[in-house]
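Please walk me through this protein–DNA model in my viewer. Tell me what to select at each stop and what is there.

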Number of protein chains: 2
Amino acid sequence: MHIQTQNAFRALADPTRRDIVQILAAQEMTIGQLTDRFDMTRAAVKKHLTVLSDGGLISVEARGRERINRLEPQGLAPVLDWLSYFDQFWDDRLNSLKEAIERKKK
Amino acid sequence: MHIQTQNAFRALADPTRRDIVQILAAQEMTIGQLTDRFDMTRAAVKKHLTVLSDGGLISVEARGRERINRLEPQGLAPVLDWLSYFDQFWDDRLNSLKEAIERKKK
DNA sequence: TTGACATGATACCATTTAGTATCATACTTA
DNA sequence: TAAGTATGATACTAAATGGTATCATGTCAA
């Protein structure tokens, strides 16, 4: 059993963590900056970041006394791989995503 | 916040439940049949099925004294929709999925 | 109709989880 | 160097989670 798959799915199971992932998709942030976006303590945000890091969804770079948290999109790969098992059930949906990509490339 | 999205992600967060989803993708089953595939009691499997049902990932049809559990692939839609937010990060991976689909269609 | 079978439901337990409060550490800067 | 700032780490709590055991209900079949 793939521990990466498990850790990634587990990381995405919490709504706060999914929000963090979306925020970091737009802009990298320190823990303090992220904490400003939520109604919880810095310690709680830090815990979520640890779970996201375990899931391979973010990376952390030390910069002075700050820690820059960045999205690692390839961490979503195990999730997509697992979902791809169900190709035969959602060809239509995948095709619409494919078309969106084609449009964007023009 | 989309409760369906939350329930679907939560349902997929457990490895036993992901296994159940894959088993049901191949063949619909009763609770008893599913229990044979796992090293846990029928009651535990039933709990997982309830979580999967809450997540919209399976449906249950009563047939006599049996309950037929079926995969509901469209329950994965909220998960895919959420992931599609990150299109710009995994064009390559999506393209490989797209290619797999194209190959299959031939 | 009666026994066997498939499931539903409830109570209970141990562990994990999501959060807080608090203190320690390390870096910046006046 | 000393104060302020950003983060790390630990201990603690309440609630959710994953599991069991047990009993109730409903259906099938002889």
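The tour below starts with one chain, moves through helices and single residues, and ends at the DNA.

**Stop 1: chain A as a whole**

Keep in mind that this is a predicted model. Select chain A and colour by secondary structure. Six helices and two strands should appear. Trace the chain along its sequence and the pattern reads α-α-α-α-β-β-α-α.

Now switch on a surface. Chain A exposes about 5900 Å², and carbon and sulfur atoms supply 46% of that area. Of its 106 residues, 48% count as buried. Consider contacts with a separation of 6 or more: in chain A, 47% of these join residues 24 or more positions apart.

**Stop 2: Pro73(A)**

Select Pro73(A). It sits in the loop between β2 and α5 (77-84) of chain A. Is this loop residue buried or exposed? Pro73(A) has a relative accessible area of 15%, and the cut-off for buried is under 20%, so it counts as buried. Add Ala25(A) to the selection. The two residues are 48 apart along the chain, yet their C-alpha atoms are separated by 8.3 Å.

**Stop 3: helix α1 of chain B**

Move to chain B and select residues 3-12, helix α1. Show side chains for Thr5(B), Gln6(B), Ala8(B), Phe9(B), Ala11(B) and Leu12(B); these are buried. What covers them? The cover includes elements of both chains: α1 (3-12), α2 (15-26) and α5 of chain A, together with α2, α4 and α5 (77-84) of chain B.

**Stop 4: helix α2 of chain B**

Next, select residues 15-26 of chain B, helix α2. Put a distance between its end C-alpha atoms: they are 17 Å apart. At 1.5 Å a residue, the 12 residues should span 16 Å, so the model agrees with expectation.

Zoom in on the N-terminal end. Asp14(B) caps it, with a side-chain oxygen 2.8 Å from the backbone nitrogen of Thr16(B). Then show the buried residues of α2(B): Thr16(B), Arg17(B), Arg18(B), Ile20(B), Val21(B), Ile23(B), Leu24(B) and Ala25(B). While looking down the axis, recall that an α-helix has 3.6 residues a turn, so residues three or four places apart point the same way.

**Stop 5: Val45(B)**

Select Val45(B) in helix α4 of chain B. With a relative accessible area of 1%, Val45(B) is buried. Which residues touch it, leaving aside neighbours within four places in sequence? They are Ile31(B), Leu34(B), Thr35(B) and Met40(B). Take Leu34(B) from that group: it is 11 residues from Val45(B) along the chain, and the C-alpha atoms are separated by 7.5 Å.

**Stop 6: DNA strand C**

Select DNA strand C and the residues around it. There are 19, and the closest are Thr41(A), Lys47(A), His48(A), Thr30(B) and Gly32(B). By class, this surface has four nonpolar, five polar and 10 charged residues.

Colour by element next. α4 (42-54) of chain A supplies at least two residues, as do α3 (31-36), α4 (42-54) and β2 (66-71) of chain B. α4(A) gives the most, with four residues.

How much of the strand's contacting part is sugar or phosphate? Of its atoms within 4 Å of the protein, 66% belong to sugar or phosphate, and the rest to bases.

Three polar contacts are good places to zoom:

- Ile31(B): a polar backbone atom is 3.4 Å from a phosphate oxygen of strand C.
- Lys46(B): a polar side-chain atom lies 3.4 Å from a phosphate oxygen of strand C.
- Arg42(B): a polar side-chain atom lies 3.1 Å from a base oxygen of strand C.

**Stop 7: DNA strand D**

Finish on DNA strand D. Here 19 residues surround the strand, the closest being Gly32(A), Arg65(A), Thr41(B), Lys47(B) and His48(B). Sugar and phosphate account for 62% of the strand D atoms that come within 4 Å of the protein.

Zoom on the phosphate oxygens:

- Gly32(A): a polar backbone atom is 2.9 Å from one.
- Arg10(B): a side-chain N or O atom is 3.3 Å from one.
- Thr41(B): a side-chain N or O atom is 2.7 Å from one.

Zoom out to the elements. α3 (31-36), α4 and β2 (66-71) of chain A, together with α4 of chain B, give two or more residues each. α4(B) gives the most, with four residues. The surface near strand D divides into four nonpolar, five polar and 10 charged residues.

Notes: Residues numbered from 1 in each chain as written. Chains lettered and ligands numbered in written order. Predicted model: local features only at pLDDT ≥ 70, side-chain atom pairs only at ≥ 80, totals over all residues. Heavy atoms only, no water. Expected span 1.5 Å × (residues − 1). Buried < 20%, exposed > 50% of the residue type's maximum accessible area, 1.4 Å probe, protein only. Polar contact = N/O pair within 3.5 Å; in protein donor to acceptor, adjacent residues only side chain to side chain. Near = heavy atom within 4 Å. Nonpolar A, V, L, I, M, F, W, Y, C, P; charged D, E, K, R; others polar. Contact = heavy atoms within 4.5 Å. Areas by Shrake-Rupley, 256 points an atom, 1.4 Å probe, with all protein chains shown as cover.
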